[in-house]
Amino acid sequence: MTLRTHPRGSDSVLQDLWQSKAWRLFPFLLVYITGVTLLVPFVPTLMTNYFASNRAGRALHCEDYPRDKGPVECDDAHGDVVLWSSWTSFASNAVVSVLLLPMLGHWSDLHGRRPFFLLALALAFIPLGVVLMHIMTDFPLKWYYLVQVLTSSVSSITPALSFLADLLAPQHRAAAFGLIMAAFSLGVFIGPAVGAQMTPESAALAAIGTVIVCLAYVAVALPESVTPEAKEQARQRLAEARAARATAAGSAPGSGVAGGSGGVFAGSGRALKILMRSSLFKKLTVCMMLSGTVSEGIQDLLIQYLQLKMAFGVKDQAKIFMTFGACGLLVQSFVLRSLLAWFGEQRVLCLGIGANLVQMVVLALATAKWQAFGAIALGSLGSVSFPTISSIKANNAQEHEQGSVQGALYGARALASGVGPLLFAALFKAFTSSESKLPYFPGAPFILGATLMLAALAVAATIPANAGGSAGAVRQLSWRRLNTFRSVPTDDPMPGLGGREGDQEGAGLQRGLLAERPASAASTYEEESRGAAKGAGEGGESWGEGKQGEQQEGRNGSVDKSRSEL
């Protein structure tokens, strides 16, 4: 079963989700995340004990020792865990994911989203099985890191974002992407809370059972979101790209790399072109990569840092993830939509980055557990950054390339997420190891994180306020008040962003306005756009930077007409 493309004109994101049947994605995400996080409270302690035992040559349970009174092997084991985690993140994110994620996104445009959900679920069995074998038979836990490189190369996030982009109207995508994060947050809240009441063995078995249930749900109940027409458009674009490459190489069409498919490296090249297609996309990519560097780098060492500095145990670790989940659920379910309505995507992005900046500073200087929990709660506001960036890019991309856009975006984040842990792990080990000559300061990575988030905030501040399709009710209200004092009416809601700059950087506003037109008008607009892309039409909107100057007059006319209809 294939669902229709997104309906136009729904007033509410919830109505849009219901009418398009996109809501079926959320039960799967909630159950899946709840299941796989049942083991979360136990894994950091298992890792610390494993490396400490290897160093000591005997079995050690570091959680049994009071703070600052345990063997030195326990202290050094924290650095070992962070180092292994960071190299795993580098291999899976900076190497495997960067090469595969853009290609997987492109393949999902060609073949649909559901096969990649099924593949991600099938791979999820492997690390869970490794942990279970370690608990039952002392199987080497290093294998957990090795299999993570394989399994993380296929993420369920990219097809989930593309699934919603296929089905929802542009003005609802940011809020819907936030609901994906809300489902993750709710699962992260429930899973560790339930898992902490279980034994490690029973938690591992329950996690494996949950993945089996999710696999059956996706196979039976989750429909395909990519229409046959969209698949055909993607195939045509691929055929044109192959022919162009073959012509440039002086060979017959279809003789490209990997049997004419373009190969993995060609997929990465396409992703790079998407990310670099305009000034707006470049700025969003920088924000995404800086945020990804910090978030992934800190994520790999946060638990070890809290174990080392504040003696966090299994119960405390469960509370950390419950705080992540509860605050993330609140932000993504309620706060994000209100913020978007009032301030627009660009200001919400700045707010999220700013919250992460403050979180880094507080964690670096924290001396008590309540301070750490407060910083984690505040940092949950930073989770608005990823869905906001995804929404802005989705609203400035063609409908049949949503998978490629989200794959390219997530691939860029994956590259940063691979480099970040290596950088932060080296810094953490340098300031905590008993063999280091540097002063003992485990908070050093968080100071670096604050510096990088400050740079991301500076870039985000230069993004046009209407880049995502809306500048928010606050800006609109200011515009209306300004117009009441003008003697000559104007239809420009963004003084200072008009003309060519406004069209290039704020194309999302035009799309947001056009999305509200009647279905017949929308259909006419789409036909005009396709004609303009071929160089034969006048007045259609150019989706990339190409044809910008050539189609300027026609685009301005379309915007004026849309505004008058509104």
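## Exercises on a salt-bridge network, two loops and a helix pair

R55 counts as partly exposed, because its relative accessibility is 40%, where buried means under 20% relative accessible area, exposed over 50%, and partly exposed in between (1.4 Å probe, protein chains only). The model is predicted, so that local features need pLDDT of at least 70 and side-chain atom pairs count only at pLDDT 80 or more, while totals for chains, interfaces and linings use all residues. Residues are numbered from 1 along each chain as its sequence is written, and side-chain values use heavy atoms, with hydrogens and water left out.

**Exercise 1.** Starting from R55, work out which residues are joined into one network by salt bridges that share partners.

*Solution.*

1. Begin with the rule: a salt bridge is a side-chain nitrogen of Lys or Arg within 4 Å of a carboxyl oxygen of Asp or Glu, and the count by this rule comes to 5 salt bridges.
2. Take R55 and D76, whose closest N and O atoms are 4.0 Å apart in a salt bridge. Since R55 lies in helix α3 (residues 43-56) and D76 in helix α4 (residues 72-111), this pair ties together parts that are 21 residues apart in sequence; helices here are DSSP runs (H or I, at least four residues), numbered from the N terminus. With a relative accessible area of 9%, D76 is buried.
3. Next, R55 also forms a salt bridge with D80, and here the closest N and O atoms are 2.5 Å apart. This second pair links distant parts of the chain, with R55 in helix α3 and D80 in helix α4, 25 residues apart. D80 counts as buried, because its relative accessibility is 11%.
4. Continue from D80 to K429, whose side chains meet in a salt bridge at 3.5 Å, N to O. Here too distant parts of the chain are linked, because D80 sits in helix α4 and K429 in helix α17 (residues 402-432), 349 residues apart. K429, with a relative accessible area of 24%, is partly exposed.
5. The network therefore consists of R55, D76, D80 and K429, joined by salt bridges that share partners.

**Exercise 2.** For K21 and D138, each with a positive phi although neither is glycine, establish where the residue lies and whether it is buried, partly exposed or exposed.

*Solution.*

1. K21 has a phi near 65°, and its place is in the loop between α1 (13-20) and α2 (25-36). At 32% relative accessibility, K21 counts as partly exposed.
2. D138 has a phi near 60° and lies in the loop between α5 (114-137) and α6 (142-151). Its relative accessible area is 64%, so D138 is exposed.

**Exercise 3.** Determine how α8 and α14 are oriented to each other.

*Solution.*

1. Consider the axes of helix α8 (residues 173-195) and helix α14 (residues 314-365), which come within 6 Å and cross at roughly 165°. Such axes are lines fitted to C-alpha atoms over the stretch in contact, and angles run from 0 to 180 degrees between N-to-C directions.
2. Angles under 35 degrees count as roughly parallel, over 145 as roughly antiparallel, 65 to 115 as roughly perpendicular and the rest as oblique.
3. α8 and α14 are therefore roughly antiparallel to each other.

Note on methods
Helix = DSSP H or I, 4+ residues; strand = E, 2+ residues; numbered from the N terminus.
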